[in-house]
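Subject: Handover of a structure

Hello,

I am passing the structure on to you. Please look it over; my notes come after it.

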Amino acid sequence: MSVYDQVSATRGRHDGRISAAAGYLTANPATAICFGVLLLFVLMAVFAPLIAGDPVKIDPAQRLTGPSASAYWGRDHLGRDVFARAVYGSRMSLLVGFSVAAIATVFGVAIGIYAGMSRIGGAIAMRLVDAMMAIPAILLAIAFAALMDAGILTVIIAISIPEIPRMVRLVRSVVLGVRQQPYVAAAISIGTGGLPLVWRHILPNTLGPVLVQATYACASAIITSAVLSFLGVGTSPEVPSWGGMMADARSFFRIHPELMVYPGVLLSLLVLVVNVLGDRLSDALDPRKMVRGSV
Amino acid sequence: MIDMTSHPPVADPVLDVNNLSLEFADRDKVTYALDAVSFSVGEGEIVSLVGESGCGKSVTAMTIMGLLPKHGARVTSGSALLRGRDLLQTSEREMRRIRGDRIGMIFQDPMTSLNPVHTVGMQISETIRKHRRVSRGAAEKRALEMLDLVRIPDAASRLGAYPHELSGGMRQRVMIAMALACDPELLIADEPTTALDVTVQAQVLDLIADLRRDIGMSVILITHDLGVVAGVADRMMVMYAGRIVEQGPTEKLFADPAHGYTAGLMRSLPGVNARMRDELREIPGSVPRLDRKIEGCVFAPRCEFSSEVCLAPLPQAQERAQGHWTRCIHASAVCEAMSDNDIVRAWA
Amino acid sequence: MTGYLVLENVGKTYTLKPSKIGGGVRHVHAVDGVNLEVARGETLGLVGESGCGKSTLAKLIMHLEAPTGGRVVIDGVDHSRLRGPALKQARRNFQMIFQDPQASLNPRMKARAIIGEILGNYGKASSQRVDELAALVGLSDFHLDRYPHQLSGGQCQRIGIARAIALNPGLIIADEPVSALDVSIQAQILNLIGRLREQLDLTLVFISHDLSVVSHVADRVAVMYLGRIVEIGRTESLFRNPRHPYTRMLLEAVPKPTPAKRHARAAVSGELPSPIDPPSGCHFRTRCAFAGDDCASKVPELRPVDSPHMVACHKAETIASSLNMNVA
C-alpha cells in the first residue's frame, strides 16, 4: 500500500462498487436529505389522489381566488385547484424523467457498446451521433412531438431521442477504456469472446459512469418536459404539468405571481435534488474510472 | 521509554527523527501507520529507508515534509528536527518555504511532478525565484548550472525542452536539478529509480552518489530494492509494518543481518549466480494489518526465528556493534544462521 | 530441434499517423524478425528494457495481436491463421500470466467465478475443479469468495495462475509476473511457478526486466533490444560469459546486494534511441564502444558463437579478445 492509498483509505474506500457507493451516499447528511426529498416527490406522485382533490375540475365562479380550505394554494384562471395541479404535475415530471433515463440508458448502452466494440459499426454510429448532436435537443424534441399524436408517451419518446446520443458517446468512450484493461485481454486469452465478453467483462465495468449520466439525463428530461408543456407541445393542456401551469400563469404574473412560483419552485427543487444525487454518485464511484468515463 | 526511541547517534545531524508515531483515523477505524520511528541523517550521508509496500517508508518522508492530509493523519508523538528545528511543529506557511529550499524532494514518477506546458528551464528558474530574490536572468543561469550538474548533455539547448520531449531518465535528472537548485540541506528521494529501466537506474544512482561526493549532499533514499541500497547507501534503516526493525551501516547489515525480517528479505532474493531452479527461501504469510496496536515484535508471526518471548511487549532496541541496532530478541541466532549468507555470496 | 513453440521471422509493425509537423507515415518495428524455438518443458527467459518489444512479443504469441509478418507455431499448430471456434479451441493450449495481478482480474467477479470462467468456456464447469485449482496455488475457500480488491497482490496473482493452468495448457507465457510484487511475495510466486512447471510439465516463456529473477527460473535466456533478439543462450553461459555488449551493459547495471563490492561505475553509456527511427545496421551501435563502419551498414544476424549460444554482433570476437587481454 503506497502512501497515496493510505491517504485515500482515510477518505473512505473508493472501490468502484455500486454497493459501496450506496453506503457512501447514505453516510453523507446532505445526500441523505436529497434522497429524502426525492422520496417525498415520489410519494407525492404515487399518492396524489389521497393528498389532493381533482386537478382538472373547472369552476369559473372561483377563478383566481386565494387559498382556502378546499384549495390550499388558491385557484387558477379557470378555477382549478392549484395545489392539486401541482401535486399531480409531479407525476408528469417524474414519469418523464425516469422513463427518459431508462430509455436513454438502455438504447445508449446497447448502441454505445456496439460502437465501442466494432470498428466500422462504431465509426458509422458515431457519425450519426455527431449529426444528431449538432441539432439542439429542444428543437429535435419539438419536431418529434409535433409529428406524433399528443400524449405523455410522445413526450417521453421526443425527449429520449436527443438524450440517446449523449449516452452513446459516454458509453463508447468508457468501453474503449475498459477494452484496454488487462482483464479483458485475460478474458480473451481464456476463450471468452462475443456476447459473453461484453456481458461479463465490458458491461459491468461500464455501469458506474452510465448510472451518473442517467441521473443527469433524468434531470435534463424533467426540464425539457416542462419546457415542452410550457410551449404547449406534447400533452394536452388539461393534463396537469408544472410547465403547463407556468405557461397558464404567465398572463397573470403581475397580479398573481404565486401561480408561477409554486410550480417553478417544485421544478427547481426536483431538478436540483436529482443533479446533486448525480454529482454525489459520481464522487462516490471510483474516481479513476470517472476520469476515463468523462467525454 | 528511552529504549523505544533509541537509535544510533550521529554527530551534528542534518535531520534527527525521534520517536515518531502516526495514525490514520478513518470514520470507523484507526491505522497505526508509524510506531516510534527514530533515525538521524548526518552531513553528506546517504541513508536509505528500505522496506516493502505499506511498511511506512513513504509515510515517514511525507510526515517529515508535512505533506500528509491535515485531517485523517495524526502525529501522536515524536519530533523531526531539521538542524534543530522541529518540522512537526512548523506551520504550513513556513513548511511551504522550507520545502524546495531547505529540503529537496524527488518522486518515483517525474512526469507527475513536472508541468507539461512549461519548459524545464522555466520550471527550474521558477523554483529558484520562489525561494530566492534573484533576477530572472540569474535564475536562468543557475538553472543551466543545475542541468550541467546533473550531467544532462547539451544542457543549454535542453533548457527550452518540454518534459515530454525528454526520456524518463532525463526527466528524473531534471527533477534532481530542480530539487537541488536552492542548495537544500537534505534531499528526500522517494523510489527515484523504480519507474526506470536498469541501465537508466544505474546512471541516476551514480549521479546521486557523485552529487554527494561533490557537493556534500545529505540524502534519504526510500526504496524497496535491496540492490539499490547496497549500491549507494552508507547506512540503512529496514522498516516493517510501521517500525524501523533494524538499522546500521549498509555493509554491516548485509554482512550480519540481525533481525529475522532483514534476514528473510535477503534470503528471498534470487541471485544471478545462485543455483538454478533452487527453491527460493520465501517469507510465509503476509504483512499484518495495522488496525490495532501490536505489543510484541511485528514480524514474529512470519519469522522462522520467533518464539514465545517475541510476543511480549516490544523488545529493546539493542546495539550489536558500532551503530548497528536491532529490535530482534533472537539477533544472535539470526546472525549465526546468516553467517553462511549464500545469497549475498552468490552475487559476489 | 522441433520446438514446442516456434517463432519464424515474427514481426509487428505499428503505423503512426502522420504528425502535423513532420508529415509522412512513420512506422515502429516493435518486433522485428524474431526467430525462436522453445523446447517442450523448457523455460525461456526473455529480458530487455521497456520498449524492447518483449511484451508485444507476448501478445503475438498469445494471439492477442496479429503479427504483421511471420508465423507463430505452438505444438505444431500455426495458430496465426486460426479464427473463431478453431482459435478458441487452440487457446486451451496456451495461457498467460499477467504483469498487474489486480488489473488482470475483472473487479466485478469473485475469485471463484474468475477461475470458473475458463472451465465454463470449454464446457468443463465444475466447482470441484475450482477448489482443486485453488488448493494447487495455495488459496482457500476464504479467498475464493472475495473480489480482487479484497485480496493482496500475491493472492491475486495466485488466482491469475490458477486460471492459466485450469485446462492443463502446454505453454504458459508469464509477462513480468512478479514485477508488481514485493520481494517476499515475489519469492512465493516464483516458487509456485517453479513447482507448477515441474508438476504440469509446462513449457514456459518468462518475460522480465529483472535479470536476477530470470536467471533464477530460466533454462535459456534471450535478450531483446529495440525489437530484435541480440543474444540467446543457456542461462549459465549467457550470464557468466555475455557476448553482446548490450547484455554486458545490462548485467553491469543490475544493482547487486553486495555493498562490500560496490563497483566504481556502471558502464552504461548513452540513452535508448527512439524506436521510430532506430540507428541503421546494429541498433545498439550508437551506445557501443566497439562499433565500426560495418555496424552501421549491416544488420547483424544471430550467429552461434559457442553453440547453442548465439549473438547478433559483428564484433563479438573482437570484444571477447580485447576483454581477455585486459584481464591478462
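Below are my notes on two interfaces, one between chains and one between domains.

Please keep in mind that this is a predicted model. The counts of polar contacts below take in only pairs with both residues at pLDDT 80 or more, whereas totals for chains and interfaces use all residues.

Chain C against chain B

On the chain C side, 45 residues are in contact, and they meet 47 residues of chain B. The two chains bury about 4000 Å² between them, and carbon and sulfur atoms give 54% of that area. Four helices of chain C each supply at least two residues to the side that touches chain B: α7 (183–200), α8 (211–217), α9 (235–240) and α10 (245–253). Of the elements of chain C, α7(C) gives the most to this side, with 11 residues. Sorted by class, the side of chain C that touches chain B has 17 nonpolar residues, along with 14 polar and 14 charged ones.

Charged residues are thus present on that side, but the count of salt bridges between chain C and chain B is zero. As for polar contacts, the rule finds 10 residue pairs across this interface.

Domain 1 against domain 2 within chain C

The domain assignment splits chain C into domain 1, made up of 5–93 and 169–327, and domain 2, which covers 104–168. Their C-alpha centres lie 30 Å apart. Contact between them involves 18 residues of domain 1 and 14 residues of domain 2. The buried area is about 1400 Å², with 68% of it on carbon and sulfur atoms. In domain 1 of chain C, the residues that lose the most area to domain 2 are Arg92(C), Pro169(C) and Leu192(C), which together account for 37% of what that side buries.

Between these domains the rule finds zero salt bridges, and the count of residue pairs in polar contact is four. On the domain 1 side, the elements that give two or more residues are α2 (84–91) and α7 of chain C. Here α7(C) gives the most, with eight residues. The class breakdown for the side of domain 1 that touches domain 2 is 11 nonpolar, four polar and three charged residues.

One point links the two parts: α7(C) gives the most to the side of chain C that touches chain B, and α7(C) also gives the most to the side of domain 1 that touches domain 2.

Regards

Notes:
Residues are numbered from 1 along each chain as its sequence is written. Chains are lettered from A and ligands numbered from 1 in the order in which they are written. This is a predicted model: local features need pLDDT of at least 70, side-chain atom pairs count only at pLDDT 80 or more; totals for chains, interfaces and linings use all residues. Side-chain values use heavy atoms; hydrogens and water are left out. Contact means heavy atoms within 4.5 Å. Buried area is the accessible area (1.4 Å probe) that two parts lose on being put together, summed over both. A salt bridge is a side-chain nitrogen of Lys or Arg within 4 Å of a carboxyl oxygen of Asp or Glu. A polar contact is a pair of N or O atoms within 3.5 Å; within protein, one must be able to donate a hydrogen and the other to accept it, and residues adjacent in sequence count only if both atoms are side-chain atoms. Ala, Val, Leu, Ile, Met, Phe, Trp, Tyr, Cys and Pro count as nonpolar, Asp, Glu, Lys and Arg as charged, and the others, Gly among them, as polar. Domain bounds come from an automatic or database domain assignment.
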